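Dear colleague,

I am passing on a structure that I have been going through, and I would be glad if you could read the notes below alongside it. Please open it first, and then follow the points in the order in which they come.

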Amino acid sequence: MNLTLHTTNKCNLCCDYCFVPHGQVSMTREVAFSAIELAMKGKKSTGILFYGGEPLLERQLIFDVVEHCQKITSQTGHKFSFKITTNGILLDEEFLKFSRDINMAIGFSCDGPAQDDCRLFPDKRKTFDILKDKIPMLLKYHPYAVGLSVINPTTVHKASDIAKFLFDSGFRYVSMNVNYCETAGWTKKHFEILKKEYKKLATLYEKWTTIENKFYFAPFDKKILAHLKGKKYHEDRAVMNYGQPSIAPDGTIYAMSKHIDQQQFAIGDVFNGFDKEKRESFYNAGNETHSVCRDCDLYSRCNYAHFNLKYDGKKFVPNPSPIQCCHEQLVAPIADLVANKLYSKRNSMFIHKHYNDFYPIISLAEDEK
């Protein structure tokens with residue numbers, strides 16, 4: 001089993017689109033170690049994602065967890081892998097050397113030229129210059145770090161500039177997500193702008209692939225992967241969702257990070273284990289096909305056809321978001337168009353990337369030469 005450890009709900013930033021409720025609570029070693037013990041049961045390996053709030057506000061806890069896991073490995077052979085998602089403000093060489101030495105994967109939240117529109121300190125001070133200066137240091141120690149960005153209605157016109165900034169800064173992996181909050185203020189006009197931005201990005205995607213740049217751009221590559229996997233795409237996502245519960249700072253277990261502090265989505269706690277009935281109820285409901293999705297041509301490729309749930313007071317019920325539907329219907333045809341262009345040209349980089357199961361291994365070997 002994999003875990004998301006919300007080491008704290010404290011954060012040093014105040015981002016417009018953050019979905020995690022902020023507070024002043026931090027996870028104790030007792031909670032973290034109990035969560036690890038729970039995750040290990042019947043498994044040979046465990047993945048741990050440090051999340052927040054801002055996880056680096058609890059740096060010592062991260063050190064303690066890693067040390068604890070290393071002791072377990074030496075005694076039992078149980079293997080651990082580590083990831084962290086951070087806003088980057090507190091990154092320094094000490095932590096980057098530490099994380100490199102244990103092969104910790106890093107997700108670096110940065111909106112590039114839109115950073116100062118949405119991602120500010122609580123006193124409204126800007127953050128872009130701080131993060132821009134940290135990127136070379138980050139990529140020196142973690143060349144495969146993932147650049148994470150969020151598109152807001154207020155920044156949608158900068159989407160292509162954000163992705164280009166991250167690629168030009170040296171990130172090979174870029175994930176760009178849309179703020180799906182119902183109160184975000186998306187309109188038809190915003191989606192028209194986003195369509196134009198994605199078309200610009202499709203041109204860049206084709207250009208970068210043609211000149212054999214190695215990169216991963218989540219909005220397009222996810223849709224290509226979903227096409228190639230077919231029905232298995234949803235099966236894999238269901239397994240992933242079932243196998244990575246989120247642990248709140250107080251030890252409460254939630255089905256997913258987006259449900260932290262929503263008590264109706266609590267499925268146990270680290271000291272007493274899972275509420276098996278509630279856990280199964282949640283995942284069974286999440287695996288049901290939304291009625292509005294059944295006849296959709298994009299159903300098998302949609303990232304949101306499952307596990308979009310609300311609690312109606314008695315049970316979990318499907319709750320597909322119109323914003324998510326609009327986004328899926330917008331991005332898929334653009335991703336398909338650029339994919340078809342590259343495939344029809346028999347572009348070797350594109351074909352190896354998407355059709356060769358050994359591509360990641362070959363690519364890594366080439367990079368290490």
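**Backbone, sheet and helix packing**

The place of Gly53 is in the loop between β3 and α2, and the peptide bond that leads from Gly52 to Gly53 is cis, with omega near 10 degrees. Please keep in mind throughout that this is a predicted model. A second backbone feature concerns Lys124, which has a positive phi of about 75 degrees although it is not a glycine; Lys124 lies in the loop between β6 (119-120) and α5.

As for the sheet, it is open and has 11 strands, in the order β9-β8-β7-β5-β4-β3-β1-β10-β11-β12-β13, with mixed pairing. The edge strands are β9 (216-217) and β13 (273-274), each of which pairs on one side only.

Within this sheet, β3 (residues 45-51) and β4 (residues 79-86) run parallel and are joined by 6 bridges, and Thr46 stands opposite Phe80 in β4. Together with helix α2 (residues 59-76), which completes the set, β3 and β4 make a right-handed β-α-β unit. On to the next pair: β4 and β5 (residues 105-109) also run parallel, joined by 4 bridges, and the bridge partner of Thr86 is Phe108 in β5. Here too a right-handed β-α-β unit is found, made by β4, helix α3 (residues 93-101) and β5.

An antiparallel pairing is found between β11 (residues 252-254) and β12 (residues 266-269), which are joined by 3 bridges, with Thr252 standing opposite Asp269 in β12.

Turning to the helices, α3 packs against α5 (residues 128-141) at an angle of about 25 degrees, with the two axes 9 Å apart. Because angles under 35 degrees count as roughly parallel, α3 is roughly parallel to α5, and the crossing of these two helices is right-handed. From α3 the contact is made by Glu93, Leu96, Lys97 and Arg100, and from α5 by Met137, Leu138, Lys140 and Tyr141. Sorted by class, the contact of α3 with α5 has 4 nonpolar and 4 charged residues, and no polar ones.

With best regards

Methods: Residues are numbered from 1 along each chain as its sequence is written. This is a predicted model: local features need pLDDT of at least 70, side-chain atom pairs count only at pLDDT 80 or more; totals for chains, interfaces and linings use all residues. Side-chain values use heavy atoms; hydrogens and water are left out. Two strands pair if DSSP finds at least two bridges between them. A crossover is right-handed if, with the strands pointing away from the viewer, the path from the first strand over the helix to the second runs clockwise. Axes are lines fitted to C-alpha atoms, for helices over the stretch in contact, and angles run from 0 to 180 degrees between N-to-C directions. Angles under 35 degrees count as roughly parallel, over 145 as roughly antiparallel, 65 to 115 as roughly perpendicular and the rest as oblique. A crossing is left-handed if the near helix is turned anticlockwise from the far one by less than a right angle, and right-handed if clockwise. Contact means heavy atoms within 4.5 Å. Ala, Val, Leu, Ile, Met, Phe, Trp, Tyr, Cys and Pro count as nonpolar, Asp, Glu, Lys and Arg as charged, and the others, Gly among them, as polar.
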